[in-house]
Amino acid sequence: MKWIRYYRGKNIYYGIADLQNQSVTEVNGNPFEDYEPKEVVSFADIKLLTPFEPKTFYAAGTNYEEHIRKVAELIGEQPNIPEKADIGYRANNALIAHDETIIIPKDATEKVQYEAELVVVIGKKAFQVKESDALKYVFGYTIGNDVSERSWQKLDRTLWRAKNADTFKPMGPLIETQVNLDDMITSVHLNGEKTIEFKTNEMIFGVEKYIHEITKYITLYPGDMIWMGTDGEGKNMKDGDICEITISGIGTLKNYVKKIDS
């Protein structure tokens with residue numbers, strides 16, 4: 001099932017997308033609670049939003065070995081391969097939807113890069129969850145672009161602007177509820193040229209491990225999300241670029257890039 005959230009007229013709705021027919025079954029309610037089908041509307045009559053508004057935004061900052069090594073080289077540090085599944089937080093203010101624009105602040109350097117990430121959407125209240133049961137608490141998956149300003153990432157201890165500047169977290173276009181993690185491939189195209197491709201599930205610590213570790217101490221709620229990290233070496237993005245992230249089984253997240261020059 002493919003869930004989307006969108007504007008129609010002046011109102012916001014959830015719906016179940018039919019990509020083949022370019023239509024959506026609009027619902028009363030939302031996918032995390034009770035809902036009832038209402039009517040079928042055309043994609044031509046809607047504007048996509050992020051597929052949901054997360055209650056809490058968790059992030060596995062370093063979860064693919066090659067990416068850790070490449071970023072360490074870029075910022076002049078020794079690679080630090082994690083020995084355990086550490087978790088961080090990101091800010092909802094940075095979220096934008098599919099087809100919207102990433103705005104690079106005027107004082108950013110040229111080292112503004114994409115990070116293609118699988119996003120885990122929690123569907124049930126979860127606390128002290130066993131690894132073997134963890135996927136039972138997942139509602140579905142979407143795509144995230146963890147835009148990062150690498151010079152700020154080195155300078156700022158908390159990553160507050162390097163990772164969380166407005167528009168630095170594109171997400172979408174939909175939530176897919178039925179996937180096989182082991183079959184998924186993540187790829188990035190910058191201006192139509194493929195720059196990265198990797199097996200989505202070849203993480204240092206997988207989805208099950210992260211849910212298990214988080215819920216030892218923190219309750220996860222429906223609508224929470226976990227961004228699972230990225231692999232490979234990102235390229236610098238500049239004004240006028242188009243960045244597309246595809247995860248097989250989910251779809252493609254496309255965003256434009258604009259640099260503020262005054």
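In this predicted model, the largest cavity is lined by Lys70, Val71, Leu74, Gln113, Glu233 and Gly234. The space inside this cavity comes to about 30 Å³, and the count of cavities of 30 Å³ or more is one. Helix α1, which covers residues 65-75, is the element that gives the most to this lining, with three residues. Sorted by class, the lining residues of the largest cavity are evenly divided: two are nonpolar, two are polar and two are charged.

One of these lining residues, Gln113, deserves a closer look. Gln113 belongs to strand β10, made up of residues 112-113. Is Gln113 buried or exposed? Its relative accessibility is 6%, and residues under 20% are classed as buried, so Gln113 counts as buried. The side chain of Gln113 also has polar partners. A polar contact of 3.0 Å links the side chain of Gln113 to the side chain of Arg150, and a polar contact of 3.0 Å links the side chains of Gln113 and Asn236.

From the cavity, the description moves on to the pockets. The largest pocket has a volume of about 690 Å³. Its lining is made of 32 residues, and those nearest the centre of the pocket are Gly61, Thr62, Asn80, Gln153 and Leu159. Which helix gives the most to the lining of the largest pocket? That helix is α1, with five residues. Helix α1 thus appears in two linings, as α1 also gives the most to the lining of the largest cavity. Helix α2 (150-155) takes part as well, since α1 and α2 each supply at least two residues to the lining of the largest pocket. By class, this lining holds 14 nonpolar, seven polar and 11 charged residues.

The second largest pocket encloses about 150 Å³ of space. Around it stand Ile4, Ala17, Leu19, Phe43, Ile46, Leu48, Pro173, Leu174, Ile250, Gly251 and Thr252. Two strands, β14 (169-176) and β19 (251-259), each supply at least two residues of this lining. How many charged residues does the lining of the second largest pocket have? There are no charged residues in it; nine of the lining residues are nonpolar and two are polar.

Strand β19 leads to a sheet. Five strands make up this open sheet, in the order β9-β19-β18-β15-β16, and their pairing is mixed. At the edges lie β9 (101-104) and β16 (193-199), each of which pairs on one side only. On average, neighbouring strands of this sheet are turned by 20° against each other, with direction ignored. As background, the strands of a sheet pair through backbone hydrogen bonds, and they may do so in a parallel or an antiparallel way. The edge strand β16 offers an example: strand β15 (residues 185-190) pairs with β16 in the antiparallel sense over six bridges. Within this pair, Ser187 is found opposite Glu197 of β16.

Strand β1, residues 2-8, has several pairing partners to follow. Which way do β1 and β14 run, parallel or antiparallel? The two strands run antiparallel and are joined by two bridges. Here Lys2 stands opposite Glu176 of β14. Strand β1 also pairs with strand β2 (residues 11-18), in the antiparallel sense and over six bridges. These two strands form a hairpin with two residues between them, and Gly9 in the turn has a positive phi of about 65°. A further antiparallel pairing, over two bridges, connects β1 with strand β5 (residues 47-48). Tyr7 links these last two pairings: its bridge partner in β2 is Ile12, while its bridge partner in β5 is Lys47.

The last residue considered, Tyr13, is also found in strand β2. Tyr13 has a relative accessible area of 16%; because this is under 20%, Tyr13 counts as buried. How far apart in space are Tyr13 and Val27? Their C-alpha atoms are 7.2 Å apart, and in sequence the two residues are 14 residues apart.

Conventions:
Residues numbered from 1 in each chain as written. Predicted model: local features only at pLDDT ≥ 70, side-chain atom pairs only at ≥ 80, totals over all residues. Heavy atoms only, no water. 1 Å grid on protein atoms, 1.4 Å probe; cavity = no way out; pocket = protein on both sides within 12 Å on 5 of 7 lines; lining within 4 Å. Points joined across faces, edges and corners; volume = space filled by probe spheres on them. Helix = DSSP H or I, 4+ residues; strand = E, 2+ residues; numbered from the N terminus. Nonpolar A, V, L, I, M, F, W, Y, C, P; charged D, E, K, R; others polar. Pairing = 2+ DSSP bridges. Axes fitted to C-alpha atoms, helices over the stretch in contact; angles between N-to-C directions. Buried < 20%, exposed > 50% of the residue type's maximum accessible area, 1.4 Å probe, protein only. Polar contact = N/O pair within 3.5 Å; in protein donor to acceptor, adjacent residues only side chain to side chain.
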